[in-house]
Amino acid sequence: LIDTGFGRTDGASDEVRDAADKINREGIHEMLKLETPNLHEIGLDRVIAYGHTWSPLHELVPETPLRHGHAISIDMAYSATLANSRKLLSDEEHRRILTLFSRAGLSMDHHQFDEDILGKGTQAILKTRDGKLRAAVPNPLGSCTFLNDVDHAELSAALRRHKQIMKGYPRNGEGLEAFVDASDTGYTDNNQAEVEALEAAAEEAGNLNGSMDGTNVVHGGHIMNGHVNGVNGHVNGLNGHVIEEKLANGSTKGLTHGLTNGVNGFTNGAKA
């Protein structure tokens, strides 16, 4: 599945594509069942929060940030160990989760994940979950329990046990391609000629759509969005704020309300 981009690369078999489609459809359907009744997230006990209790700190702690999915998989693996320590998850199911993550190259631990970070992550999530931990853990595999009665001593003991277990996995449980790099922006996929062509096209679009009285709006040498007195009539401001944009010739113009040329029947400040 991973090697074929969930059946989307050239040469992927029909069998793999069909399996990928089934997995995606069932995952989307399950998500809709869980979240449709809670669109405003008023209910804070959320099954899909499995892996989202300590993961926010995992993303931010390393000097080079962990990718979002790897931060979550660390949380999921540790939470599985916590559940196993509480006898909510069997040893067999626990190993099944960890083995699957390891085979997929997902992170299950990080060398900077320690008891101090664990404590900070716990305190941070309590603020966003109305004072309760609400840690989603498997109980058993395929079902979920929310833990609120876990103190720092129990969490720390589970982390020490988790790290001991990780010694039996490749790279001590650290994942493959786990860290953010330039490829996450997409820019590395474009050679210089392509970049220049894109910039030229953007400039031309700005000339066509983003002029003000025939003069391009410039900010720091770059055409701003190509939307000034153009599409939708929005100019970076709302409700009485006055915005001044420097023009190419160095002069400025005040734009009131952030709405000019084409919104609610107004044209250049006058009713059409």
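A residue counts as partly exposed when its relative accessible area falls between the buried range, under 20%, and the exposed range, over 50%. E41 has a relative accessible area of 44%, so E41 is partly exposed. Keep that residue in mind; we come back to E41 twice. One remark before going on: what you have on the screen is a predicted model.

Let me start with the backbone around E41. This residue sits in the loop between helix 1 and helix 2. E41 is not a glycine, yet its phi is positive, at about 55 degrees. A second residue of this kind is R171, again not a glycine, with a positive phi of about 60 degrees. R171 belongs to the loop between helix 6, residues 152-166, and helix 7, residues 192-209. R171 is partly exposed because its relative accessibility is 39%. For background, most residues other than glycine have a negative phi, and most peptide bonds are trans.

That brings me to a peptide bond. The bond from N139 to P140 is cis, with omega near -15 degrees. Where does P140 lie? P140 is in the loop between strand 1 and strand 2.

Now those two strands. Strand 1 covers residues 135-138, and strand 2 covers residues 144-147. They pair in the antiparallel sense, over 4 bridges. One example of the pairing is A136, whose bridge partner in strand 2 is F146. Together the strands form a hairpin, with 5 residues between them. In the turn, G142 has a positive phi of about 100 degrees. Is strand 1 buried or exposed on its two faces? Both faces are covered: A135 and V137 are buried on one side, and A136 and P138 are buried on the other.

Next, salt bridges. How many does a search of the whole structure find? The search finds 12 salt bridges. I will go through three of them.

The first joins E35 and R46, with the closest N and O atoms 2.6 Å apart. This pair links distant parts of the chain, with E35 in helix 1 and R46 in the loop between helix 1 and helix 2, residues 55-60 for the latter helix. The two residues are 11 apart. Both E35 and R46 are buried. For R46 the relative accessible area is 18%, which is why R46 falls in the buried class.

The second is where E41 returns. E41 also forms a salt bridge with R46, and here the closest N and O atoms are 3.5 Å apart. So this bridge has a partly exposed partner, E41 at 44%, and a buried one, R46 at 18%.

The third is in helix 5, residues 115-128. The side chains of K120 and D116 meet there, at 3.4 Å from N to O. K120 and D116 are 4 residues apart in that helix, so about one helical turn separates them. K120 is partly exposed because its relative accessibility is 48%, and D116 is partly exposed because its relative accessible area is 45%. As for the earlier two bridges, they share a partner, and E35, E41 and R46 are joined into one network.

Now empty space. Rolling a probe the size of a water molecule over the atoms shows where empty space is left.

The largest pocket holds about 1,500 Å³ of space. Of the 33 residues that line this pocket, the closest to its centre are I23, Y50, M76, L100 and F101. Which elements each supply at least two residues of the lining? They are helix 1, helix 3 at 68-85, helix 4 at 91-104, and strand 1. Helix 1 gives the most, with 8 residues.

A search for cavities of 30 Å³ or more finds 1 in the whole structure. The largest cavity has a volume of about 30 Å³. Its lining is made by H58, V61, P62, L66, H110, Q112, F113 and I117.

Last, back to I23, from the pocket lining. I23 lies in helix 1, residues 14-35. I23 is partly exposed because its relative accessibility is 42%. Which residues make the nonpolar surface patch of about 360 Å²? I23 is one of them, along with L1, I2 and F6. I23 therefore appears in two places in this talk: among the residues closest to the centre of the largest pocket, and in this patch, where partly exposed residues can be members because the cut-off is over 30% relative accessible area.

That is the end of the tour.

Key:
Residues are numbered from 1 along each chain as its sequence is written. This is a predicted model: local features need pLDDT of at least 70, side-chain atom pairs count only at pLDDT 80 or more; totals for chains, interfaces and linings use all residues. Side-chain values use heavy atoms; hydrogens and water are left out. Patches are made of residues with over 30% relative accessible area and no salt bridge: like charges are joined within 9 Å, nonpolar side chains (Val, Leu, Ile, Met, Phe, Trp, Tyr) within 5 Å. Accessible areas come from the Shrake-Rupley method with a 1.4 Å probe; for residues, only the protein chains shown count as cover. A salt bridge is a side-chain nitrogen of Lys or Arg within 4 Å of a carboxyl oxygen of Asp or Glu. Buried means under 20% relative accessible area, exposed over 50%, partly exposed in between (1.4 Å probe, protein chains only). Two strands pair if DSSP finds at least two bridges between them. On a 1 Å grid over the protein atoms alone, a cavity is a set of points where a 1.4 Å probe fits but cannot get out, and a pocket is an open set with protein on both sides within 12 Å along at least five of seven lines; lining residues have an atom within 4 Å of a point. Grid points are joined across faces, edges and corners, and a volume is the space filled by probe spheres set on the points.
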